[in-house]
Amino acid sequence: MFKEYDVIVVGAGHAGCEAATAAANMGSSVLLVTMNMHTIAQMSCNPAMGGVAKGQIVREIDALGGQSGIISDKTMIQFRMLNRSKGPAMWSPRCQSDRMMFAQEWRDTMEKTKNLDFWQEMIEGLVVKNNRVVGVRTGMGIEIKGKTVILTNGTFLNGKIHIGEKNFGGGRTGEKAAHGITEQLIELGFESGRMKTGTPPRIDGRSLNWDLMEEQKGDENPEKFSYTDTPKLTKQRSCYVTYTNEKVHEVLRKGFDKSPMFSGRIKGLGPRYCPSVEDKINRFADKDRHQIFVEPEGWNTVEMYINGFSTSLPEEIQYEALTKIQGFENVKMFRPGYAIEYDFFPPTQLKLTLETHLIDNLFFAGQINGTTGYEEAACQGLIAGINAHNKVDEKGEFILKRNEAYIGVLIDDLVNKGTDEPYRMFTSRAEFRTLLRQDNADIRLTQKGYNLGLASENRLERMNYKKDIADAIVKEIKTKKITPDSANTYLEEIGSTTIREKSSIYSILKRPEINIENIRLIDSEMKDFLNKYDEEIIEQAVINIKYESYIEKELLMVEKMARLEDLNINPNFDYEKLLSISIEARQKLKKIKPQTLGQASRISGVSPSDISVIMIHLGR
């Protein structure tokens, strides 16, 4: 019934979908195995893609030739560029997605992908011979041969759902857990652990009083994730903001004695940066309110996602607490929130290709590696799919460095030091974030994707055109000069220093209070020149000019950080005396005891500024 496949992917979440399409598009024969064909690419938690650092990852996936950016563009209902008030290294694209459209678009995409087959069944184990995986074994006892296997099991490995004092097996609400794989991997010598994540209740938007909440609209000129010709948003749905209060907190505290988290029934560690609402009011008892985002699940549904209200308290407590939130007085709940515990395998057991050390040709991607988030899972799936194909084709390993992509930062973090809590990407984790911006992901990675045979020639041509035009714009701005007579009246109006002699537009644009629109108003010839080009390319050129010195410093830092491996740290170094570094950094440094400054720089939660402080104390 089955041929021998080049790549077998187990699990059809975000990691599995990217892995399967990448390997298939590169030419491998691929089988994607899932327990339920109707839940492919399910958005199990919030209906959104991107966000701080996560949006950069989606753009990197797209630049390499992956699908997440394209599908996000086709199914988004709102777009916002976060952190616009900060420097471009912090700008992060984020969209609200139509949950059902997103999953359907992924399935449509994969069904149109050559070399990609599907099978619906639970996988209960691997077929391993001489420390090499050679296939999988299904629940019905069928053995399917595969030259490589990628496990992307999400939260399904021995998953257990908790709601108050109730708990039951499941990988997601209404879906059964997967058994057998964990036990076999442990027998093979793998170390495993338990993690926990959670999701909030879903509610009926018709029961809310929207007038009592703050409307949060999308950007006036919405952008996209993909560098291809995906559609731009012409209309958007709003999100809304409200807050918890002391009455809400009082109700939630009533359920603490039945909380599976506080009672010890949940053993797995939850995400530090996405805690449950009960954890927030317990840890931050001094705060009298917490922000709640009300996010629509799609274009044509009244179902709402309550971002910020993740909980595993009893359902009656959840409901009573919701009714105390402003705007939620008459709320109707579709389903309660819950926590889920699941097995993961510390990623220190992996190579940087995401292949396991113990078993040849076996790859792990996604939450099985201890990460959380669709974007983190998707990029791991992409890298695993690429490397599984390359392994079969006897090609070289594909590894992204920390200075090349957030994807490289994430995988380097996971493999070199592991994680004892669900790993989430932040801009602060990247020491070269001025280089790793969302606007230049195509320039950084498209050539690599093309060399792999994943990014198309059209993508490469578009990237080269963008780069060439941006360079031409920079050259023109550096060359063009303006006189005091033509510039000073306007400069005075906007409160910028006047010029005394003929000056380059480049020097004017470098001023922090000056933007490209000011330049258009100062010089009509430059306005006519710029009007010939796309705004995205102009923005690229402007960033290259305004942040030129920062970019140069980071390029020097790339060389410098490579030498940090030679700087040893005394194992008895007292991190408690470093009061200017974050609490998280002190905790992690004390626990891991890095041997070198290079290793310290790769510890999750230790920022570049923390490294600078340590360097000073080391006398460097």
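**Notes on the predicted model**

1. Starting with a local detail: asparagine 130 has a positive phi, near 55°, and belongs to the β7–β8 hairpin, where two residues sit between the strands. Keep in mind while reading on that this is a predicted model.

2. The strands on either side of that turn are β7, residues 123–129, and β8, residues 132–138. They run antiparallel and are joined by six bridges. One pairing to look up is lysine 129, whose bridge partner in β8 is arginine 132.

3. Zooming out, the secondary structure count is even: 22 helices and 22 strands. As for overall dimensions, the C-alpha trace spans about 80 × 60 × 55 Å along the principal axes.

4. Does that go with a compact globule or against one? The radius of gyration is 26 Å, and a compact globule of 620 residues would come out near 25 Å, so the two agree. Buried residues account for 59% of the 620.

5. On contact order, take the contacts between residues at least 6 apart in sequence: 72% of these link residues at least 24 apart. A specific long-range pair is isoleucine 368 and glycine 193, which are 175 residues apart along the chain, yet their C-alpha atoms are separated by 9.8 Å.

6. Isoleucine 368 deserves its own look. Its place is the loop between β20 (362–364) and α10 (374–392). Is this loop residue buried or exposed? Isoleucine 368 has a relative accessible area of 0%, and the cut-off for buried is under 20%, so it counts as buried. Setting aside neighbours within four places in sequence, its contacts are Leu151, Asn153, Gly154, Leu157, Phe344 and Phe345.

7. Serine 259 is another loop residue to check, lying between α6 (246–254) and α7 (260–263). With a relative accessible area of 0%, serine 259 is buried. Beyond its neighbours within four places in sequence, serine 259 is in contact with Arg265, Glu278 and Leu313.

8. Finally, surface and charge. The accessible surface is about 26200 Å², and carbon and sulfur atoms contribute 47% of that. The side chains include 83 positive and 86 negative ones, with the centres of the two sets 2 Å apart.

Notes:
Residues are numbered from 1 along each chain as its sequence is written. This is a predicted model: local features need pLDDT of at least 70, side-chain atom pairs count only at pLDDT 80 or more; totals for chains, interfaces and linings use all residues. Side-chain values use heavy atoms; hydrogens and water are left out. Two strands pair if DSSP finds at least two bridges between them. Helices (H or I, at least four residues) and strands (E, at least two) are DSSP runs, numbered from the N terminus. The radius of gyration is taken over C-alpha atoms; the globule rule is 2.2 Å times the number of residues to the power 0.38. Buried means under 20% relative accessible area, exposed over 50%, partly exposed in between (1.4 Å probe, protein chains only). Contact means heavy atoms within 4.5 Å. Accessible areas come from the Shrake-Rupley method with a 1.4 Å probe; for residues, only the protein chains shown count as cover. Lys and Arg count as positive and Asp and Glu as negative; His and the chain ends are not counted. The place of a charge is taken as NZ of Lys, CZ of Arg, CG of Asp or CD of Glu.
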